[in-house]
Amino acid sequence: MSGGWGELQVWALIAALGLGTYLIRLSFLGLIGDRELPPFVMRCLRYVPVAVLPGLVAPLAVWPAATGGQPDPARLLATGAALAIGAATRSVLGAIVGGMGVLYLGLWLL
Amino acid sequence: MNTARTHFLAGFRGGLPFLLVLIPFSLLFGVLAVETGLDLGQTMAMSALVIAGASQFTALQLIADNAPLLVALVTALAVNLRMAMYSASLAAHLGHAPLWQRALVAYTLVDQTYGASITYFQDRPGLGLRDKLAFYSGAVLAVCPAWYVFTFVGAVAGTAIPEALALDFAVPVTFLALVAPQLKSLAHVTAALVSVVLALALAWMPFGLGLLVAAGCAMLAGAAVETWGPGRPRQEARP
């Protein structure tokens with residue numbers, strides 16, 4: 001085990017992280033149940049996927065760790081390709097295969 | 001044919017494409033966990049209890065960096081805070097299910113099961129609770145067992161994964177595949193743009209808090225365009 005992390009500390013982290021993550025996931029599903037939410041909240045919740053996922057992707061695509069945080073043309077092209085194919089075809093498989101395909105092609109060519 | 005069965009199979013098929021990146025990604029987690037010094041039991045316990053790739057990799061990184069326990073915990077948990085928003089979003093669809101079923105839904109609530117299900121539910125406003133749960137279960141069965149199995153394979157087989165596979169892109173490409181079909185109106189596109197711009201501008205914030213601020217503002221932006229913007233998107237039926 002590296003540095004100051006002992007057996008017990010690793011187990012403590014795993015247990016606390018597992019429990020904490022579960023409580024985050026259960027939060028609204030567990031508490032709200034079948035209570036009606038105000039229309040404004042419902043309207044906001046419709047935008048959860050488009051509000052969270054692009055913000056998660058953006059730094060990973062623009063400043064990839066693999067290039068030490070430097071913008072990389074291959075990864076930017078692959079991001080555009082995955083997005084365009086996914087939006088046009090609504091196909092998860094198409095977006096993943098297309099995105100990774102453009103990435104490998106770009107890494108090989110550029 | 002039984003409709004629940006149809007939707008279950010649709011969910012299973014909907015989850016399968018994610019395996020293309022989820023399998024190498026979970027292999028990589030197994031390999032890195034053992035390299036970091038975790039034993040097989042600890043590696044498997046983390047994948048079984050946490051089931052959240054980004055958070056698990058963060059935890060490994062912090063253990064390797066010899067960070068204090070509390071810092072490692074808070075940072076790795078913060079990565080998962082977005083799931084509270086998934087939970088609220090799914091509660092609108094599955095809130096009528098009995099508590100024990102909602103407890104199981106919560107355990108298996110990951111980006112892929114959430115993303116595949118929410119697109120499916122929103123495309124089919126009349127879908128009943130039983131059919132929604134069936135689709136969700138199908139997606140879970142396609143995605144979650146693979147996470148455990150290939151963590152195990154990675155931890156045991158433990159050889160280096162070639163860098164040429166560029167697995168750092170596994171996470172972005174998965175999220176792009178999840179979000180692309182959601183870009184269906186001006187309000188959705190606006191929310192996505194606000195999310196991107198603010199996430200980049202606030203990347204300096206600690207514990208990934210920038211993402212949460214960006215996501216909150218993006219939701220409001222989407223709701224505002226829906227309410228006041230031109231060309232209202234089609235109204236969805238209340239679940």
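User: Is the crossing of α8(B) and α9(B) left-handed or right-handed?
Analyst: This is a predicted model, in which local features need pLDDT of at least 70 and side-chain atom pairs count only at pLDDT 80 or more, while totals for chains, interfaces and linings use all residues. Residues are numbered from 1 along each chain as its sequence is written, and chains are lettered from A and ligands numbered from 1 in the order in which they are written. A crossing is left-handed if the near helix is turned anticlockwise from the far one by less than a right angle, and right-handed if clockwise. For α8(B) and α9(B), the crossing is right-handed.

User: How are α8(B) and α9(B) oriented to each other?
Analyst: Helices are DSSP runs (H or I, at least four residues; strands are E, at least two), numbered from the N terminus. The axes of α8 (residues 111–123) and α9 (residues 129–157) of chain B, lines fitted to C-alpha atoms over the stretch in contact, come within 9 Å and cross at roughly 150 degrees. Angles, taken between N-to-C directions from 0 to 180 degrees, count as roughly parallel under 35, roughly antiparallel over 145, roughly perpendicular from 65 to 115, and oblique otherwise. The two helices α8(B) and α9(B) are therefore roughly antiparallel.

User: Which residues of α9(B) are met by α8(B)?
Analyst: Two residues are in contact if their C-beta atoms, placed from the backbone, lie within 7 Å. From α8(B) come B:Q112, B:T113, B:A116, B:S117, B:Y120 and B:F121, and they meet, in α9(B), B:K132, B:F135, B:Y136, B:A139, B:V140 and B:V143.

User: Which helix gives the largest share of the side of chain B that touches chain A?
Analyst: Between the chains, 80 residues of chain B are in contact with 67 residues of chain A. The largest share of that side of chain B, 12 residues, comes from residues 82–94, which form helix α6 of chain B.

User: What percentage of residues 133–150 of chain B is helix?
Analyst: UniProt, in an unreviewed entry whose annotations may be inferred rather than shown by experiment, places "transmembrane region" at residues 133–150 and 186–205 of chain B. Residues 186–205 are 80% helix and 0% strand, with end C-alpha atoms 29 Å apart. For residues 133–150, the end C-alpha atoms lie 26 Å apart, strand makes up 0% and helix makes up 100%.

User: What ipTM does the predictor give the complex?
Analyst: Chain B averages a pLDDT (the predictor's confidence in each residue, from 0 to 100) of 90, and 95% of its residues score at least 70. The complex has a pTM of 0.85 and an ipTM of 0.87.
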